[in-house]
Amino acid sequence: MAELPSTEAALAAGVVSEWRAILIARETACLAPGHRARVDAELCAPDDQGAYRFEGWGDRRLIAQTRALVAGLDPAAVVDRRAKAEADRHVSLRPAPDAMARLSVLLPAAQGVAAYATLTRTADSARAQGDPRSRGQVMTDTLVALITGQATAEGVPVTINLTVSDHTLLAGGHQPAWLTGYGPITADHARDLAATALAQAQTAQTARVALRRLYVAPETGTLVAMESKARAFPKALGLFLDLRDQTCRTPWCNAPVRHHDHITDHAHGGPTSAINGQGLCEQCNHTKQAPGWRATPITGPADQHVVETTLPTGHTIRSTAPRAPTPSRVVPLGHSGLHLIHHQLNWHAA
């Protein structure tokens, strides 16, 4: 806060909240120190009677006034900041309770307003014609239809990876399944997804259903290792790491897996194997290459997969792969391990 002394003083006096101080700091971050100090004084320095300019303002007005001052002092900085923000546009997916998901889009304001206006106009029109769905339901269904070309997502040309125990899928078990990119789902939901994909494949002939057997160690429920002599992880082995690790293996990260990483670097003799492999997000994989970071697998194929990482500070952290859905112990498979089903739901034309 050294470049915002008036804001800091107002915060210390209890006149401005911590959140509002953060807003001012955020909106002036693109300015040079001199210009930033001018905005700070204009907004947060009291007048001769001790009154503050922002008294009675809501957060939106504070942001708007700060942006106006910033644009007046350095328009080029605002243009550069907007260009960087537009370059960072993206779509993200987060799990929500009750087998729901939040699909979020960060995009330029004009495009966002146009997209939202299209959805609201369609919803208002449908409601005016007697559509029994709520406004929000119509907007959501319209979004899915516009993006996928389908009334539901069942005809989308994507592969959905579902890992489920044989007992859950075939014998009415209750062990939750794991939906890649989302997380755990209930047993009945998993069976519904499988049945829907199978029905699509049998009737419309626009879908394919592929089943893969995954073997796990009886004692720990850990997926059995695979190995390749290639430096890059083969597609099947990469999929194995995705299914085993589920999210980035760095403790407390839990971001989606983007990279398949050699725990002991290949250049240092680390094999391309499930034991020496882990799924990481892009940022964690790049961070791991910095000086002072060391990682080592500390288990064998029959044990739960654990990675021990030593930080540049000398601290040691451990990451343990989550347990797979519990397999059935009564189905003979002619293998020392137990049996999971990786159910690949391909809703697209062959």
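Which residue in β12 is the bridge partner of R294? The bridge partner of R294 is T310. This comes from a predicted model.

**Strands β11 and β12**

Strand β11 covers residues 294–297, and strand β12 covers residues 306–310. The two strands run antiparallel and are joined by four bridges. One face of β11 is covered and carries A295 and P297. The other face, with R294 and T296, is uncovered. R294, the residue bridged to T310, thus belongs to the uncovered face of β11.

**Helices α2 and α4**

Two packed helices are described by the angle between their axes and the distance between the axes. For α2 and α4 the angle is about 25°, and the axes lie 9 Å apart. Angles under 35 degrees count as roughly parallel, and α2 and α4 are therefore roughly parallel to each other. The crossing of α2 past α4 is right-handed.

The residues that meet in this contact are W19, R20, L23, I24, R26 and E27 from α2, and D59, L62, I63, T66, R67 and V70 from α4. By class, the contact has six nonpolar, five charged and one polar residue.

**Helix α10**

Helix α10 is mostly covered, with eight of its 11 residues buried. The buried residues are L237, G238, L239, F240, L241, L243, R244 and D245. Q246 comes just after α10 and takes a positive phi of about 70°.

The helices discussed here span these residues:

| Helix | Residues |
|---|---|
| α2 | residues 18–27 |
| α4 | residues 59–73 |
| α10 | residues 235–245 |

Notes:
Residues numbered from 1 in each chain as written. Predicted model: local features only at pLDDT ≥ 70, side-chain atom pairs only at ≥ 80, totals over all residues. Heavy atoms only, no water. Axes fitted to C-alpha atoms, helices over the stretch in contact; angles between N-to-C directions. Parallel < 35°, antiparallel > 145°, perpendicular 65-115°, else oblique. Left-handed = near helix turned anticlockwise from the far one by under 90°. Contact = heavy atoms within 4.5 Å. Nonpolar A, V, L, I, M, F, W, Y, C, P; charged D, E, K, R; others polar. Buried < 20%, exposed > 50% of the residue type's maximum accessible area, 1.4 Å probe, protein only. Pairing = 2+ DSSP bridges.
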